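Q: Please take a close look at the salt bridges here, and set the exposure of the residues that form them beside each pairing.

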Amino acid sequence: MKKFALLMAIAASVFAVISCDEYEDGKPSSSVLDRFENMYPGAWDVEWEREGVYWEVSFDTGTPPNEIDHTAWFRSDGTWVRTETDLHISTVPASIKEFLQKSQYASALLEDSEIDYIQTPDGNFYQFELVYNGARVKINVTEDGKVSLAGLDLW
């Protein structure tokens, strides 16, 4: 019976540690935590980190093995700045892929099968990392099909 009680205590301790938020650089203000919890009530595996003037939070939603990875940024006053969601290319709407294929980057190759879906207060877009004319480029495609160059990295 003592072994059983000890095993139960260990299991409870492990569960408590796993289910807690992780704070690498202190704890965000209650306004930041409240805003996050209101926006993402089902978030789990939550890890907070201070990045300059922002609080960066990495977290998952969904249930394993189909969890989705996210990273969000907040100002210290609780203002949400942006959220990046890691998506597999297969989950990107066909209309978005079609817009990209009709752009000047139609001949480009995907760097990998991961796409970022970026949400901001000013609008949302999908970000593709491509290899185009000997350079790595990041292309943003808005939900209404506008394509723009987000970054360039020559080799």
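A: In this predicted model, Arg-82 is partly exposed, because its relative accessible area of 25% falls in the range between buried, which is under 20%, and exposed, which is over 50% (1.4 Å probe, protein chains only). The side chain of Arg-82 meets that of Glu-84 in a salt bridge, at 3.0 Å from N to O; the term requires a side-chain nitrogen of Lys or Arg within 4 Å of a carboxyl oxygen of Asp or Glu. The structure holds four such salt bridges.

Another of them joins the side chains of Glu-98 and Lys-102, with 3.1 Å from N to O. Here Lys-102 is exposed, with a relative accessible area of 64%, whereas its partner Glu-98 is partly exposed, at 41%.

A further pairing brings together the side chains of Asp-144 and Lys-146, for which the N to O distance is 3.2 Å, and Lys-146 is exposed because its relative accessible area is 55%.

As to how these values are to be read, residues are numbered from 1 along each chain as its sequence is written, and side-chain values use heavy atoms, without hydrogens or water. Local features need pLDDT of at least 70 and side-chain atom pairs count only at pLDDT 80 or more, while totals for chains, interfaces and linings use all residues.
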